[in-house]
Amino acid sequence: MRDLSFSSGGITLKPLVVYPERLTLIPLPKKITLSLKQDSISPLIPLVKKNTQVKAGDKIAQKGSSTLISPVDGRVLQIRKDFRNYLGEEVGAIDIEVNEISSFPQKDFNKKEQLGNIIESGIVDTQGQILPLIEKFEIIQKYKADTIIINGLEEIVANGRNYYFLQKKNQIIAQGLKTLNELLQPKRLIIALYRDFRRVEGIEEIVGHHNNLEIVFLKNKYPQHRIPILVRSILKQDYPINEIIEKHLKVSILDLETIYELGRLFNGYMPYREKLITVVKGDLTNTHVVGASIGTPIGHILNQLHVDLNSVSKVVVNGTISGTSLPSLDYPLTKEIGIIFVQNKGNEVEFCEEVCIKCGLCVEVCPMNLMPLFLSGYSQSNQFDFLTKFNIGSCIECGCCAYVCPVNIPLVQWIKYGKAHLQAQKSIA
Ligand code: SF4
Ligand code: SF4
């Protein structure tokens, strides 16, 4: 086991985090909404119609190797073409009325057909592009990536579910690692964790079964969990952002959740019926690890956790600093969501259009060694040509710069605006 430090930049968030020991299981709602876009592949094609009776485990939509299986027994209420995901893309969805008693079938997977089972299960990996696991495996094999890093880091305050995976589900994680080793036979298998996790019982036992497996412990610094920073900390190597890491470094990154779902699959359980997520409430020390079916409305999850929705100013998914704000609490849980952050009224950061005071703090914290003040400034003044010169493409949108800016300039929004403009110019050319 190695103990590594973060290279440069970044911010230290609250060090004291109490990880939940208990899982809160959310009962099924009366209706679930299954987004037809659960990964980076374009929307799936429904295989069911209005009023089709479905069983938990039935395949209900597909496109290529991207699969959606119904997590519940029920009746298809409607196929909605106009459903938008939380990024505002019109992707469509299937609404299912859930039967009062919904089965939770165990599947008898034939171990000789592991790859076929993985396709049928619909497991996705959420590191980098969100891809069906089978496609990720194909990329690993195509580029002969012989090192696999399993990312057990999320933002420190939102890392409850990774703690839970290792502390309470270590047998399933061990099964997932065994399957991964059998299928891909990587030379090195590295699990990346925060130093807090050194005290997790059962880690040695997981490591003990595999000769090629090591654990590295990393300092708690945001955004240590982002792929370029993670790779730099562990392997001391950089690679061109937005390029295929497997091609450039012969390394691939998988999420710890993927290993968990893989382990569950080969223990006979249906993936994503009890997807684990971390819910962070208000003051950042109040975290829950929750098990809920995909398709469950986020509002239903918060109700079950007794969140007073009147006191909530916004709900953000997949990050407390750089996550995306949900347009509505009816928005359903999807495979890609790992964190739900509930922000209370009164704690909002008021972004403003103050003038930059050139304090340099944003430059100091930028983990990609960029000049956020210039990136934002040139975007604001529509001087887009300068953005490429200042390497805007390397920005990982972590939000460190905006977090520390004393005059609350919405730096990331401006950077995103600049990037979108350059992207549009490129597609016209
Ligand atoms: S410029 Fe980009 S990479 Fe740098 S701190 Fe800001 S958001 Fe993060
Ligand atoms: S932190 Fe804010 S005020 Fe300071 S240099 Fe950066 S943009 Fe300007």
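**Notes on the predicted model**

1. Starting with a strand pair: glutamine 62 sits across from threonine 67 of β7. Bear in mind as you read on that this is a predicted model. Strand β6 covers residues 59-63, runs antiparallel to β7 and is joined to β7 by four bridges.

2. Zooming out from that pair, you get an open, three-stranded sheet in the order β4-β6-β7, and the pairing is antiparallel. β4 (45-46) and β7 (66-69) are the edge strands, each with pairing on one side only.

3. On to the domains. The assignment for the protein chain gives domain 1 as 1-25 + 106-348, and domain 2 as 361-428. Taken over C-alpha atoms, their centres are 27 Å apart. Domain 1 puts 13 residues into the contact and domain 2 puts in 14. If you care about the chemistry of that face, the side of domain 1 that touches domain 2 splits into seven nonpolar residues, five polar and one charged.

4. Ligand 1 next. There are 15 residues around ligand 1, and the nearest are Cys366, Pro372, Cys395, Cys398 and Cys401. Two or more shell residues come from each of α11, α13 (400-404) and α14 (411-428). Which element gives the most to this shell? That would be α14, with three residues. Sorted by class, the shell around ligand 1 has 13 nonpolar residues, one polar and one charged. If you tally this yourself, note that cysteine and proline go into the nonpolar class here.

5. Ligand 2 has 15 residues around it too, with Cys356, Cys359, Cys362, Leu373 and Cys405 coming nearest. At least two residues of this shell come from α10 (361-365), and at least two from α11 (372-380). The class count for the shell around ligand 2 reads 13 nonpolar, one polar and one charged.

6. Now for some backbone geometry. As a rule, most peptide bonds are trans, and most residues other than glycine have a negative phi. The bond from tyrosine 222 to proline 223 is cis, with omega near 0 degrees. Have a look at the loop between β14 (213-218) and α6 (227-235), where proline 223 has its place.

7. Glutamine 224 is also worth a click, in the loop between β14 and α6. Is glutamine 224 buried or exposed? Buried, because it has 25 C-beta neighbours inside 10 Å, and 20 or more is what the label takes. From glutamine 224 to glutamate 138 the C-alpha to C-alpha distance is 27 Å, with their positions 86 residues apart in sequence.

8. Two residues other than glycine have a positive phi that I'd flag. For lysine 144, phi is near 50 degrees. Lysine 144 belongs to the loop between α2 (133-142) and β12 (147-151). Lysine 144 counts as exposed because just 9 C-beta neighbours fall inside 10 Å, and the cut-off for that label is 12 or fewer.

9. The other is histidine 306, with phi near 60 degrees. Where does histidine 306 lie? In the loop between α9 (298-304) and β18 (312-317). Histidine 306 has 7 C-beta neighbours inside 10 Å, so this residue counts as exposed as well.

Conventions:
Residues numbered from 1 in each chain as written. Chains lettered and ligands numbered in written order. Predicted model: local features only at pLDDT ≥ 70, side-chain atom pairs only at ≥ 80, totals over all residues. Pairing = 2+ DSSP bridges. Near = placed C-beta within 6 Å. Domains from an automatic or database assignment. Contact = placed C-beta atoms within 7 Å.
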